[in-house]
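These are my notes on aromatic rings, charges over rings and one helix pair. I set them down in the order in which I looked them up.

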Amino acid sequence: MKYLDKSIIEIHELLKQKKVKPIDLVEEAFSNIEAHSDLNAYITLNKEEAIREALELEDKEVDNILFGLPIAVKDNIVTKGLLTTCASHILDNFIPVYNATIVEKLKEKHMIIIGKTNMDEFAMGTSSRTSYFGAPKNPWNQTKISGGSSGGSATTIAARDVLFALGSDTGGSIRQPASYTGIVGMKPTYGRVSRYGLIAFASSLDQIGPMTKNVYENALLLNAIVGTDPKDLTSADKEEEDFTRLMGKDVKGMKIAIPNYLISDIVDQEIVNRIKAVAHFLEQKGLTVDYIDMKYLRYAVTLYQIIAMGEASSNLARFDGIRYGHSKEDPKDITDLYLSTRQEGFGEEVKRRIMVGSYLLSGENAKTYYNKALSIRDDMKKEFEKVFEKYDYIIGPTTTTTAYDLTDPMDDPSKTFMDDVLVIPVNMAGLPGINIPVGFDKNHMPIGMQIIGNSFEEAKIYQLASFLEKELNLDLNPFGGENNE
Amino acid sequence: MEEKLSREEVLHVANLARIKMNEEEIEKFRVSLKKLLNDVEKINEVEGYDDEILIAPWSSECKLRKDEVGEMLDPKEVLENAPRHSGNYIQVPVVIGESEGA
Amino acid sequence: MSNYIPTIGIEVHVELKTKTKIFSNSTNGYGQMANSLTNVIDLGYPGTLPTLNEEVILLAIKAATVLNCKIRRQMHFDRKNYFYPDNPKNYQITQARTPIGYDGYVEIELNGEKKKIGIEEMHIEEDTCKSTHRGEKTLLDFNRAGVPLIEIVSKPCISSSEEAKLYLEKLKELLFYSDVSDCKMEEGSMRADANVSIRKNESDSFGTKVEIKNIGSISNVGLSIEKEIQRQKELLDRGETFKAQTRRFDDKVQNTVLMRVKETGNDYRYFPEPDIPYLYITDEMIERVNKTIPMLPDERRIIYIHNGLSDINANKLIQNRKLSDYFNDLLDKNIDLKTASNLLLGDISAYLNKEEKEIKETTLSIERFMQLVNFYSNGTITSKNLKEMINLIMETDKSIEEIIDLSGVQNITDDNKIKEVIEKIVKENPQSVSDYRMGHDRAIKFLMGQVMKETKGSLNPKLAMEVLKEELDKNVN
């Protein structure tokens with residue numbers, strides 16, 4: 001009996017009626033993961049603990065819709081007692097003595113953490129190939145990438161191992177892999193979800209978000225993880241809300257803006273065509289669609305390179321082999337300890353970004369690059385705000401291509417940024433953005449569309465997303481019925 | 001002819017980041033770092049923006065915490081996690097010279 | 001040696017007296033077992049984030065206020081990035097762009113003249129951990145990591161080692177009195193660095209600056225500045241130059257010793273702290289803080305002296321904050337303040353020191369102390385009596401009058417009783433009486449002695465003398 005293929009509502013009912021137990025779900029999840037082990041979606045499986053928790057839950061009341069459900073957590077989120085590596089050699093022995101706030105929230109909802117998913121090292125990358133543990137594979141075509149940096153979470157959801165996964169998004173790392181693997185990935189408004197326990201890459205950009213196979217489950221998971229956290233001063237002062245509340249409500253009359261830059265020749269024509277088709281479809285359903293110009297979008301990658309690498313160079317300075325993590329054996333002196341620990345512990349992409357980041361912050365460069373970037377960032381955000389005065393949504397493709405080959409050369413350092421050109425502006429402005437699958441390319445690889453909303457309007461995003469999901473009614477199972485009994 | 005940084009420039013930046021480089025790495029980074037640094041030059045093309053900065057898209061001001069003691073770690077945990085420790089102390093190879101930041 | 005004009009600037013780091021650290025709620029403590037006062041934030045574990053201690057902000061506002069600084073209303077933090085083992089995140093959260101206080105001053109008095117020493121800025125930052133060198137190893141104790149500090153940077157307008165010492169004394173007094181810090185240089189809760197340069201003329205630009213660190217006491221600040229000025233004078237007189245450098249004060253050789261030559265500008269790669277949003281200092285916060293500022297030493301000095309205390313006693317009292325606070329409660333009461341201060345600094349202090357108590361730990365309430373002062377002023381009790389009664393006074397709740405009764409310290413002030421005793425002595429000593437009448441003053445002293453012996457010293461001597469004289473003169477007629 002395959003329970004995890006059912007809808008969340010069905011599973012919940014079965015649990016309430018005691019027709020299925022959490023241990024059944026956990027065992028099924030592990031069996032799925034095992035069957036798909038060559039997809040390399042996980043760095044660590046939480047077998048013993050998950051089973052123990054599942055058995056413990058049998059005595060507890062099924063008190064919420066996520067009760068007893070297994071969830072995969074990206075390996076840059078700190079889990080107490082469970083290896084947390086950030087897909088890096090420098091933390092490959094790190095067992096935290098504390099939990100991220102969202103992990104506490106998952107436990108409050110009695111969800112069961114099934115394992116830690118694979119990712120780009122320290123979330124730096126767009127294909128998860130910088131992982132110390134090798135890249136995860138795209139279930140739609142195992143020669144292709146799943147994207148990054150939340151590639152492992154995307155893979156496990158697309159492969160239908162589990163219903164729920166968490167990723168993190170600094171410059172598109174949830175939405176982009178969601179696009180490549182045909183799943184739903186939401187980056188919430190900056191501050192929606194506590195960052196306490198998310199191993200920092202770029203503090204002013206990072207957010208944790210839900211990755212699921214459909215919009216409803218995505219909203220349910222977001223419900224569980226949001227909330228102001230006194231341990232995170234950047235977390236927003238927002239009351240709890242039900243993000244599913246606008247789903248199913250009429251979208252007629254909504255105004256949509258499509259920035260011309262997002263469908264310019266930087267995007268594959270096939271993808272542009274698909275987005276335009278969707279736009280046309282929405283017009284037919286009574287929404288208005290305008291094509292607009294936004295001046296600052298094209299500079300988002302440059303700003304990101306400066307701000308994200310600058311912040312990262314500082315955030316990753318703490319990895320020095322002194323208080324935890326990998327440490328050079330028999331260092332000659334303290335300098336050797338730093339230099340060698342970090343040479344041994346970090347991969348090439350991480351080193352590159354730390355070095356460029358340090359450089360951009362040093363001496364006069366801070367003024368020329370960093371401070372300038374902060375000024376332009378302000379204008380970029382204001383430009384978005386102006387657009388949202390007139391429009392309800394901004395939409396466009398999520399990625400410039402569909403998933404490319406795992407063997408594609410990795411020697412162009414700019415590429416890892418350009419893969420995210422369409423999604424980075426959203427992090428710059430701190431806005432919420434979702435990827436929903438809207439079609440396939442000629443090789444049947446998923447095409448994703450991004451819906452961007454105004455600050456804290458995730459519920460509204462889900463409204464349009466669920467409408468489209470229902471209307472498009474795509475078959476998003478990469479195994480085409482293999483998992484069905 | 002590929003644009004490259006000089007060896008010295010790479011070593012300077014590697015030192016800022018406290019990352020040791022072998023010869024092979026230096027050569028690789030001469031090219032890739034130059035590429036990225038060229039990328040960020042695009043920032044000089046931007047015009048017409050104002051001086052106001054956005055450090056992060058915070059949605060509220062800083063909240064203050066009450067001055068009350070919370071949970072602390074058991075010293076054993078602190079020491080167990082540290083690669084080197086001696087007695088109750090975390091240990092590092094001897095440090096010569098004062099902190100540059102003091 | 002030619003004449004040079006020294007320019008001195010002082011940087012002081014002061015640990016704030018809070019219960020918890022600035023960016024985490026670990027205990028802000030001292031002298032505890034190593035690494036017992038830390039949490040994951042203090043240790044810079046991955047994924048941890050800073051929170052901001054309210055008390056730190058309030059104390060910083062208080063410090064800025066007593067140092068006459070302007071207060072920054074939109075305040076923020078910056079990261080100062082550098083690698084060092086005592087720096088758990090390899091960056092320190094500090095304030096570079098928006099120090100909480102700026103453009104302040106303190107006033108010192110040297111040789112009767114007052115001078116304002118300007119304060120460039122005062123900012124908040126976190127302390128590093130403590131490192132001890134032991135042979136081939138350095139040992140790290142993270143208890144101190146994250147302890148809240150304020151750094152006070154003076155303007156380079158101090159012109160002598162004397163002024164420097166007075167400046168530090170003044171800072172210490174103000175910050176101690178306003179309960180901002182313990183200001184104990186020997187424990188490290190107050191640390192001073194000095195910057196010294198010299199030049200020939202006021203019109204010249206400043207000379208090469210030398211920084212002196214690791215100075216463990218205020219007197220050593222003075223000494224190290226003097227030695228450094230001397231050293232620089234000698235070099236310049238010989239036509240030599242020197243590089244900007246950092247030196248430390250070496251107690252053993254009682255002089256400054258080179259630590260390192262300054263490289264071209266330390267590259268701290270400052271950038272605004274993204275993990276902490278702007279903090280807005282409101283009028284309400286400032287008012288709340290102002291209410292907690294007690295009467296400061298200078299004002300106390302003026303009032304005490306105005307009320308008849310000597311300079312010495314006024315200063316003695318001020319040096320003992322708790323006694324001074326206690327004394328302040330008497331200022332609006334109708335008692336002899338001079339006597340009160342004498343009692344406090346005398347027998348009461350003797351008791352407190354012996355018993356190692358604070359005055360608040362005794363039963364000597366203001367009301368009872370006032371009773372005591374009055375009985376003392378009017379001669380009912382003497383210093384000798386006080387010493388005998390001190391335990392009852394300081395350890396029980398009995399009224400002073402009751403204690404006087406109980407102690408059998410009957411300093412007899414009852415006129416009849418006095419007359420009784422005097423009459424008896426006069427009757428019993430006719431020889432002395434006639435001696436006195438014959439003009440021998442020693443006789444009256446003898447008679448007084450007898451009176452005292454009879455009453456076991458429990459007569460008010462003044463009163464007794466008056467009555468004795470009256471009695472003796474009476475019978476003449």
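Which residues form one aromatic cluster? I note first that the model is predicted. I found that Phe94(A), Tyr98(A), Phe122(A), Phe319(A), Tyr324(A), Phe346(A) and Tyr45(C) make up this cluster.

Entry on aromatic pairs. My search of the whole structure returned 22 aromatic pairs over all chains. I examined Phe122(A) with Phe346(A): their ring centres are 5.8 Å apart and their planes stand at 70°, so I recorded the pair as edge-to-face. The pair links distant parts of the chain, 224 residues apart. I located Phe122(A) in the loop between strand 3 (112-117) and strand 4 (137-138) of chain A, and Phe346(A) in the loop between helix 10 (334-345) and helix 11 (348-361) of chain A.

Are these two rings' residues, Phe122(A) and Phe346(A), buried or exposed? Phe122(A) is buried, with a relative accessible area of 2%. Phe346(A) is buried also, at 4%.

Entry on charges over rings. In chain C, I found Arg79(C) over the face of Tyr91(C), 4.1 Å from the ring centre. I also found the charged end of Arg231(C) over the ring of Phe242(C), at 5.8 Å from its centre.

Entry on a helix pair. I looked up helix 7 (residues 215-225) and helix 15 (residues 458-472) of chain A, which pack at about 160° with axes 9 Å apart. Because this angle is over 145 degrees, I noted the two helices as roughly antiparallel. Their crossing is left-handed. From helix 7 of chain A, the contact involves Val215(A), Asn218(A), Ala219(A) and Leu222(A). From helix 15 of chain A, I listed Glu458(A), Tyr462(A), Ala465(A), Ser466(A) and Glu469(A).

Technical notes. Residues numbered from 1 in each chain as written. Chains lettered and ligands numbered in written order. Predicted model: local features only at pLDDT ≥ 70, side-chain atom pairs only at ≥ 80, totals over all residues. Heavy atoms only, no water. Phe/Tyr/Trp six-rings, centres within 6.5 Å; stacked < 30°, edge-to-face > 60°. Helix = DSSP H or I, 4+ residues; strand = E, 2+ residues; numbered from the N terminus. Buried < 20%, exposed > 50% of the residue type's maximum accessible area, 1.4 Å probe, protein only. Lys NZ or Arg CZ within 6 Å of the ring centre and 35° of its normal. Axes fitted to C-alpha atoms, helices over the stretch in contact; angles between N-to-C directions. Parallel < 35°, antiparallel > 145°, perpendicular 65-115°, else oblique. Left-handed = near helix turned anticlockwise from the far one by under 90°. Contact = heavy atoms within 4.5 Å.
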